[in-house]
Amino acid sequence: MKRRTFLATAAAALATPAVGADPTGGSSIAGDRAFAEWLSAFRVTALASGLPATVVERELADLKPDPRVEGLDRNQPEFSRPFSHYVKRAASEDRAAIGRRRMAGLERGLEKVLATTGVPQEILVAIWGMESGYGAILGDHDVIRSMATLAADGRRRGFAEDQLLATLRIIASGEWPRERLVGSWAGAMGQTQFIPSSFLSLAVDADGDGRRDLWGSPLDALASAANLLASAGWVPGQGWTVEVVAPEGFDYALTETLSTSLSAWRDLGLRRADGADLSSEGTEAALLAPTGAQGPLFLLMANHFVIRRYNNAVTYALAGGLLADAIAGRAGLVRPWPEETPLSLADRIAAQTALQAAGYDLGEPDGVIGQKSRAALRAWQKARGLVADGYLSPEVVALLRASTV
């Protein structure tokens, strides 16, 4: 068996997130002087990159930051809602039913995409639904202004400047004018929400009209998504996950830490939830217990991490895969999601603070229960003889609070 971090298993498949629908709210950003200083420096960078001076000066003239973008960047629902709440809503039967209808209308074109890329139709249609509600929500943010705002803010400067340069290259090429380059607050464009650099390198013209139109052509958008997933390493003919059940006394500390073959997981006691033979597939997988030992368990295969090309959140990729299964008419989960109680930001920070005080390294407490926080929690649980599933429930929060008294 091979032990390595969960994210190391996924590293080759990850990319910068691109979010479809805009959340609400906003906050102020750095003042006008700071923005002007950043813009002056970026103008030099843009000219040095070889972009035409006329394009740079025209598109950056009178540019102002968007005061909503910074707050939106810090309020992504994939990281703030309880896991099951997000997944059940994103992969609802209503959304699947719409997906089936839309997929049927594009069947001939999608068959060609499958033959070319190996990416199943239902995966593409699920991403379409997740990203833009099947083309209903494209966003209306000026991509140049959004990227400039994120770059000046500084938290994601490198990414935002790269995407701003890519946007200027699209305009300079004559392929699309600035007024058509609209999208989400995070700069993602079209029905499958491509960031500008991905548009340049991976967008395709699938309907044969001579344009790569991710806004007006569903087939172009879906074929481009397939091209992105294929380039990221999609494994044709392989699934993305297997739902499993664990035996009594199973060591849940193995979740998110052990990546090994399905047959090896069988030898550790895991069984397919549907009763089929787990050992029939030799592919490597990592175990996830997103809502703890009482919820459904998943063995995540390589294609799960390829789905995360669109959004590097476990919630997003799991919801997208489950939506694809529903669109394809496959059976749903055997074990239902448990009833989750939302935790306040104060509770999440208190739990992280208690783990940090106990000597576990998880970075600065910020209320985001990510991989490092879950690893620390599993180690803390295991040291105390608890089920080490890394799930932060209200009961576990109470135990952590009490441990600091």
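This is a friendly exchange about how the labels given to parts of this predicted model are justified.

Student: Let's begin with the whole chain. What makes up its secondary structure, and how much of the chain counts as buried?

Tutor: The secondary structure comes to 19 helices and eight strands. Of the 405 residues, 51% count as buried. As for contacts between residues at least 6 apart in sequence, 69% join residues at least 24 apart.

Student: Why is Gln-163 called buried?

Tutor: Its relative accessibility is 4%, and buried means under 20%, so Gln-163 counts as buried. This residue is found in helix α11, residues 157–173.

Student: Which residues is Gln-163 in contact with, leaving aside its neighbours within four places in sequence?

Tutor: They are Met-147, Ile-195, Pro-196 and Ser-197. Contact here means heavy atoms within 4.5 Å. As for Ala-151, twelve residues from Gln-163 along the chain, the C-alpha atoms of the two are separated by 9.5 Å.

Student: Why is Ala-206 called partly exposed?

Tutor: Partly exposed lies between the 20% cut-off for buried and the 50% cut-off for exposed. Ala-206 has 33% relative accessibility, so it counts as partly exposed. You will find Ala-206 in the loop between α12 and α13.

Student: What does Ala-206 touch, not counting residues up to four places away in sequence?

Tutor: Ala-206 touches Leu-219, Asp-220 and Ala-223. Those three residues are among the buried ones of α13. The C-alpha atoms of Ala-206 and Leu-110 are separated by 9.5 Å, with their positions 96 residues apart along the chain.

Student: That brings us to α13. How do you know that its length agrees with the expected span?

Tutor: Helix α13 covers residues 218–231, which is 14 residues. The expected span is 1.5 Å times one less than the number of residues, so α13 should span 20 Å. Its end C-alpha atoms are 20 Å apart, which agrees.

Student: What makes α13 largely enclosed by the rest of the structure?

Tutor: Ten of its 14 residues are buried, so the description follows. Among them are Leu-222, Ala-225, Ala-226 and Leu-229. The buried residues of α13 pack against α8 (107–117), α9 (121–132), α12 (196–202) and α15 (302–307). Just after the helix, Gly-233 takes a positive phi of about 110°.

Student: Which residues have the most contacts inside the largest nonpolar core?

Tutor: They are Trp-38, Leu-124 and Leu-229, in a core of 86 residues. The largest share of this core, ten residues, comes from helix α16, residues 314–327. Leu-124 touches residues including Leu-110, Val-113, Leu-222 and Leu-229, not counting those up to four places away in sequence.

Student: Which residues does the second, separate core include?

Tutor: Phe-250, Leu-254, Leu-278 and Leu-287 are included in that core, which has 17 residues.

Student: Finally, what lines the second largest pocket?

Tutor: Its lining has 32 residues, and Trp-240, Leu-322, Asp-325, Arg-330 and Ala-331 lie nearest the centre. By class, the lining has 17 nonpolar, six polar and nine charged residues. Helix α16 gives the most, with four residues, while α6 (83–90), α9, β4 (241–245) and α16 each supply at least two. About 740 Å³ of space lies in this pocket.

Conventions
Residues numbered from 1 in each chain as written. Predicted model: local features only at pLDDT ≥ 70, side-chain atom pairs only at ≥ 80, totals over all residues. Heavy atoms only, no water. Core = buried A, V, L, I, M, F, W, Y, C linked by side-chain atoms within 4.5 Å. Buried < 20%, exposed > 50% of the residue type's maximum accessible area, 1.4 Å probe, protein only. 1 Å grid on protein atoms, 1.4 Å probe; cavity = no way out; pocket = protein on both sides within 12 Å on 5 of 7 lines; lining within 4 Å. Points joined across faces, edges and corners; volume = space filled by probe spheres on them. Nonpolar A, V, L, I, M, F, W, Y, C, P; charged D, E, K, R; others polar.
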